[in-house]
Amino acid sequence: MSSEAPSIRLFFRQAIARALAEEMQLDPNVIVLGQDVGSFGGSYKEFAGLYEQFGPERVRDTPVSESGIIGLGVGAAAAGLRPLVSITYMDFLMLGFDPLINYGAKLRYKTGGQLRAPIIVKTTAGAKGQGVAHSQCIESWLMSVPGLKVVAPSNPTDAYGLIKSAFREEGPVVYIDHKRLFPTAGDVPIHETAVPIGEAIIRRTGHDITLVSHSYMIRVALEAAQLLAKDNISCEVIDLRSLAPLDIECLSASVARTAALATLEEGQITCGVGAEIIARLQEKLGPLKAVRIGALAAPVSSNPVLEAACLPDIARVCSAIRLLLQSG
Amino acid sequence: MRGSSERALLRTMMLIRGFEEELQRRRDHGFQLLSSGEEAVAVGLCAALIGDDQLLCSGRSIGPALARGLDPGEVMAELLGKAAGPCRGKGGRGHMAAPALGFFGAHAVVGGNLTIAAGAALAMQQQKRPGLVACIFGDGACGSGALHETLNMAAIWQLPLLLVCDNNQYSVSTPAIQVLAPRRLASLASPFGIPSRTVDGMDVLAVRQAAREVATAIRSGKGPAFLECISYRFSTHSTATRETRPILELEEWKTRCPILRLTSHLTEEGSLSDDTRKQLAADVAKTIDGAIAFADAALWPEPREALTDVV
């Protein structure tokens, strides 16, 4: 996208609402289902205005039945609607794994192409003082499911563009917001655009190390890169945007230049996003100097001291990168 | 012969029984979940369905698929893993589907198809299409949270959903009375204000009658309904499972065989002569032979199909 394209400053939640309003205008089959999505406008006001514009049938408040509404959404998608199901917190997505993973992700395959489930499950990950069952980042669990696409924007422009692309997919997409991103703003193109699923983007160029991240942690990565630059360590920061499929081409081209890789995620590093990226790049490029940065191997408490202690931050990213580059 | 005449019902039940008996003689299909004994549930229900309707079921899919009118040869091909099956052999018994024929399909997670069926019903309602969605599930699914969530959503949104509990009284080896608190499973619908009925699932005419009545109510916009059919499977849970039920109980239920029952009824009524019955049996045997021949001659999918229709 050209930086000269005329744009408008929008908060993250407004970018989401705009993408949905446009899609609902375009296609009467688009519906929004979830808890508090109606007149309340969503827990983060990301559905504000949709209920008033499109009514209670298309913007439907649901009971607290995460498994039920994902199943309902998947079934409705297979039968011709284009539902977006909102699961307030990613932790609750676990309740809907059966319809999403056992049914939705496999539907096209198991029916030999007769049925597809073009559903978007929109959820919110990340820690912001809400405790052990409202803070998790489990996106890497989803990356291993054939048939599932997973996206996680770091800014309003990508939030808008990825939702637009998700509505053009033929199968299920899990779209992941981050609680700490809702108050952020960004320049969203005035004209309708889309961010292709499967394309990462270089946020900062550099030549000493490639630092890969996604969602809110991109902000941490960019600040760490700025700090490291003062020590003459030049970081190339890549925003994945799409976790499944991964843009291995973009990543490997960068790592081929920098010859070092750090992965940063808010979730667990065991079987995490970083573990997968490092393995894929080693298979492609041979042995690599690499480090994974993520949360401590512990639950994320609502206690502010313990939450901060658990999560990766700028200092931890900087020290991990310094250590890696010093290791020769 | 299709349709909902008594003779057509008899023929379809005989087809399911004979089809499954053929399958039981073979070992080249892994294992199967047979519907024998429970034919009247799917056949009676399907007699109340029309073209615009969609049927979903559990992994015990052979009866429902044949009752809904899928080609026996293609069903056999799917069960044997052949690419001539409606799912190109990828779904098998657990995931048979032919949505263009009104068979949205099987799903082999117990209770897993309930919320999916509600979603298909929501799509029909929202797109103002005629028709209803029927979902057959076993007594085992009545222990799942999915049923509670489905009943609730179907009730609050008055979805055109017909929930059919094929209560064969066992989950593999576990008797329903041991693990489900409600004595009458249809009563599960009551707190949601969903009308419910319990019928003799070994009596195809009773199932047809009840299914027609509730389907008519659903079509007239009265919202969902719950139909419990008390049945009994004549085979083990799957062709690979050992029998654990009391032999006397099994023998007693076999005397209530839905095929024998309808045959006697039609014979006593004078509408089924010996000759006609023999002709039906010969006709069914020929259909099954044809299905086996079709499936045996059909090709396996190419190994590369492991990667097609994935994303």
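**Exercise 1. Which residues in H7(A) are buried?**

Work from the predicted model and explain the environment of this helix.

Solution.
Step 1. Apply the burial cut-off: a residue is buried if 20 or more other C-beta atoms lie within 10 Å of its own.
Step 2. List the residues of H7(A) that pass: Pro156(A), Thr157(A), Asp158(A), Ala159(A), Tyr160(A), Gly161(A), Leu162(A), Ile163(A), Lys164(A), Ser165(A) and Ala166(A).
Step 3. Buried residues are 11 of the 11 in H7(A), so this helix is largely enclosed by the rest of the structure.
Step 4. Identify the packing partners. In chain A, the buried residues of H7 pack against strands E1 (7–11), E5 (120–125), E6, E7 and E8 (185–189), and against helix H1 (12–26).

**Exercise 2. Describe the contact between the two domains of chain A, as seen from domain 1.**

Solution.
Step 1. Set the bounds. The domain assignment of chain A places domain 1 at 8–189 and domain 2 at 201–326.
Step 2. Take the separation: 26 Å lies between the C-alpha centres of domain 1 and domain 2 of chain A.
Step 3. Count the residues in contact. Domain 1 of chain A contributes 28 residues, and domain 2 of chain A contributes 23 residues.
Step 4. Assign the domain 1 side to elements. Those giving two or more residues are helix H6 (139–143), strand E6 (149–151), helix H7 (156–166) and strand E7 (173–178) of chain A. H6(A) has the largest share, with 4 residues.
Step 5. Sort this side of domain 1 of chain A, the one touching domain 2 of chain A, by class: 15 residues are nonpolar, 9 polar and 4 charged.

**Exercise 3. Locate the largest nonpolar core and its best-connected members.**

Solution.
Step 1. Start from the general tendency: in soluble globular proteins, nonpolar side chains tend to be buried together.
Step 2. Find the hubs. The largest nonpolar core has 192 residues, and Leu45(B), Ala120(B), Leu162(B) and Val164(B) touch the most other members.
Step 3. Find the main contributor: helix H5 (residues 112–126) of chain B gives the most to this core, with 9 residues.
Step 4. Place the core relative to the domains of chain A. Domain 1 (8–189) and domain 2 (201–326) of chain A both give residues to the core, so it lies between them.
Step 5. Inspect one hub. Leaving aside residues up to four places away in sequence, Leu45(B) touches Ala134(B), Ile136(B), Val164(B), Val207(B) and Ala211(B).

**Exercise 4. Analyse the contact between chains A and B from the side of chain A.**

Solution.
Step 1. Count the residues: 31 come from chain A and 32 from chain B.
Step 2. Name the elements. In chain A, helices H3 (66–78), H4 (97–103) and H5 (107–110) each supply at least two residues of the side that touches chain B.
Step 3. Rank them. H3(A) gives the most to that side, with 9 residues.
Step 4. Classify the side of chain A that touches chain B: 13 nonpolar, 14 polar and 4 charged residues.

**Exercise 5. Test whether chain B agrees with a compact globule, and state the confidence of the model.**

Solution.
Step 1. Compare radii of gyration. For 311 residues, a compact globule would be near 19 Å; chain B has 19 Å, which agrees.
Step 2. Take the extents: the C-alpha trace of chain B spans about 55 × 50 × 40 Å along its principal axes.
Step 3. Check burial and contact range. In chain B, 54% of the 311 residues are buried. Of its contacts with a separation of 6 or more, 74% join residues 24 or more positions apart.
Step 4. Add the secondary structure: chain B has 11 helices and 8 strands.
Step 5. Report confidence. Chain B has a mean pLDDT of 96, with 99% of its residues at 70 or more. The model scores are ipTM 0.95 and pTM 0.96.

Methods:
Residues are numbered from 1 along each chain as its sequence is written. Chains are lettered from A and ligands numbered from 1 in the order in which they are written. This is a predicted model: local features need pLDDT of at least 70, side-chain atom pairs count only at pLDDT 80 or more; totals for chains, interfaces and linings use all residues. Domain bounds come from an automatic or database domain assignment. Two residues are in contact if their C-beta atoms, placed from the backbone, lie within 7 Å. Ala, Val, Leu, Ile, Met, Phe, Trp, Tyr, Cys and Pro count as nonpolar, Asp, Glu, Lys and Arg as charged, and the others, Gly among them, as polar. A residue is buried if 20 or more other C-beta atoms lie within 10 Å of its own, exposed if 12 or fewer, and partly exposed in between; C-beta atoms are placed from the backbone. A nonpolar core is a set of buried Ala, Val, Leu, Ile, Met, Phe, Trp, Tyr and Cys residues joined through C-beta atoms within 7 Å. The radius of gyration is taken over C-alpha atoms; the globule rule is 2.2 Å times the number of residues to the power 0.38. pLDDT is the predictor's confidence in each residue, from 0 to 100.
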